[in-house]
Amino acid sequence: MLNQHHPDDERLSALASRDDDAAADAALTSHVHACARCADLVSELGVLRTSLADLPDLRPSRPLQLLPPVADDRSATGAGGWIRRLFAPALTAGAAIAMVGLIGTAAPALDGVAGGGGIFQDVGTRLSGGDSAAEELAPEAAESMDVAVPADGYERGDADSGAAEPSDAALGAAGGEGTTDPDASQGGVSRLETFDGQLPAERSPWPMVLFTGVALMVAAALLRWILVPRAG
Amino acid sequence: MTDDPQRTSGNRTPPLPDEAAVIARAADGDRAAFTQLMEHYQSACYGLAWRLLSDADQAADATQDAFVHAYKAMASYRGGIFRSWLLRITANASYDILRRQQRRPTTVLPDPDEGAPELPDIHAVNPVAEATKSELYRHLEAALAHLPPDQRTAVVLCDVYGMDYNEVADMTQSALGTVKSRIHRGRLRLRELMAEHRELFTG
């Protein structure tokens with residue numbers, strides 16, 4: 001692009017750096033030959049380029065570390081190297097196991113939030129084995145059971161035995177439904193077996209899984225902290 | 001910005017006398033050979049990084065980044081001028097820093113009058129000419145640092161380090177026409193900045 005009289009300065013700069021397209025532009029070169037202002041500019045830009053190309057290298061103001069990877073390689077193959085390499089997988093595995101354990105432990109409770117019954121409902125169902133919690137908690141029934149249960153604490157669940165009859169009668173006296181139903185008697189037996197000293201939660205493997213995961217994570221972190229040499 | 005770097009006594013670092021053999025050993029994993037190469041070319045790499053970044057600390061960081069990249073890429077080095085190969089890696093490392101810096105802009109520009117003046121080499125054949133040249137370099141460096149970063153990068157890579165337009169375009173991920181325009185505008189701006197010191201060009 002030309003201004004009033006002279007070529008564009010960028011074109012003159014291209015000519016100064018001997019760009020092919022500028023050098024081949026006959027109008028541009030003939031103008032520069034005829035115009036002192038443009039010839040000076042091309043000449044100055046040429047000198048400037050030469051001076052820039054002559055700029056010397058620069059010494060760093062502080063010593064540079066020429067081989068940064070050396071330290072990393074040494075630490076990777078040294079005493080703590082295998083621990084460092086094992087740390088990430090161990091930590092990941094621990095976290096995954098802990099997460100599974102956490103979900104397994106919390107799932108019944110979450111289920112309860114969603115369904116309205118939850119863990120209490122589950123435990124209640126296990127305890128009663130029947131329909132009515134009121135039946136289970138009736139004091140008369142408890143009394144009857146005290147009578148019915150043998151010294152070893154277990155009702156054997158024999159519906160035909162004499163020992164079972166007071167239990168059924170007592171349940172009936174409590175005003176519950178199905179007092180003569182043999183299933184109710186079975187329900188009572190189930191409850192007694194449930195309360196033989198083992199809580200339902202203790203049978204669940206999830207807390208143990210959660211504990212194992214957390215323990216693995218802590219152990220990995222501790223081992224790394226103790227065994228891997230630290231910088232400085 | 002920390003201390004200004006010092007200019008080396010010669011202009012540009014020449015190749016090592018037995019460079020091909022040293023490069024071959026370095027490519028085979030010989031750390032001593034690689035260290036020898038980096039020691040030899042650190043002024044060239046640092047000079048490029050400093051001119052692109054205008055900051056001594058960032059230039060040192062870029063140079064070290066370049067050494068790490070070079071170390072990793074050494075096995076895949078396929079010949080050619082080693083200095084150019086290393087300078088390209090340094091330019092890329094510097095340009096990465098420059099891009100990060102542009103995303104979080106700071107206004108750190110060196111003062112042309114800052115730092116101790118370069119003393120002429122009294123052992124030089126012509127101390128006056130050496131002093132003039134030294135003064136010219138000092139003003140040129142300051143003028144370069146006052147260019148906008150895109151123009152400075154293009155001018156430094158092309159005019160100071162002799163890369164062609166295509167190389168600069170690749171490195172800066174810019175169109176060829178954009179690169180040419182930046183170079184020409186950068187040169188014209190440099191000429192304006194150096195107008196007060198025009199006599200140094202003829203000295």
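Me: I'd like to start with one side chain in this model. Which residues does L188(B) touch, leaving aside those up to four places away in sequence?

Reply: Good place to begin, and keep in mind that this is a predicted model. L188(B) touches D9(A) and S13(A). L188(B) itself is found in helix α8 of chain B.

Me: Is L188(B) buried, exposed or partly exposed?

Reply: The general idea is to count neighbours: a residue is buried if 20 or more other C-beta atoms lie within 10 Å of its own, and exposed if 12 or fewer do. L188(B) has 19 such atoms within 10 Å, so L188(B) is partly exposed.

Me: How should I read the wider contact, and how many residues does each chain give?

Reply: In general, the size of an interface is often given as the accessible area lost when the parts come together. Here we can count residues instead: 43 come from chain B and 28 from chain A. On the chain B side, the elements that give two or more residues include β1 (6-7), α2 (31-53) and α8 (176-193). The largest share of that side is the 11 residues from α2(B). By class, the side of chain B that touches chain A has 18 nonpolar, 15 polar and 10 charged residues.

Me: Since α2(B) came up, how does its span compare with that of a straight helix?

Reply: The idea is to set the end-to-end distance beside the expected one. A straight helix of 23 residues would span 33 Å at 1.5 Å a residue, but α2(B) spans only 29 Å between its end C-alpha atoms. Look along the helix and you will find a kink of about 55 degrees, centred on Y41(B). Just after α2(B), S54(B) takes a positive phi of about 55 degrees.

Me: And how do α7(B) and α8(B) pack?

Reply: Angles of 65 to 115 degrees count as roughly perpendicular. The angle between α7(B), residues 165-172, and α8(B) is about 105 degrees, with the axes 9 Å apart. The two helices are therefore roughly perpendicular to each other. From α7(B), Y165(B), N166(B), V168(B), A169(B) and T172(B) meet L176(B), V179(B) and K180(B) of α8(B). That contact has five nonpolar, two polar and one charged residues.

Me: Last one: how many helices and strands does chain A have?

Reply: Chain A has 13 helices and one strand. Along the sequence, four α elements precede the β in its pattern, α-α-α-α-β-α-α-α-α-α-α-α-α-α. Of its 232 residues, 20% count as buried. Among contacts in chain A with a separation of 6 or more, 65% join residues 24 or more positions apart.

Notes
Residues numbered from 1 in each chain as written. Chains lettered and ligands numbered in written order. Predicted model: local features only at pLDDT ≥ 70, side-chain atom pairs only at ≥ 80, totals over all residues. Contact = placed C-beta atoms within 7 Å. Nonpolar A, V, L, I, M, F, W, Y, C, P; charged D, E, K, R; others polar. Axes fitted to C-alpha atoms, helices over the stretch in contact; angles between N-to-C directions. Parallel < 35°, antiparallel > 145°, perpendicular 65-115°, else oblique. Expected span 1.5 Å × (residues − 1). Bend = angle between axes of the 7 residues up to and from the residue.
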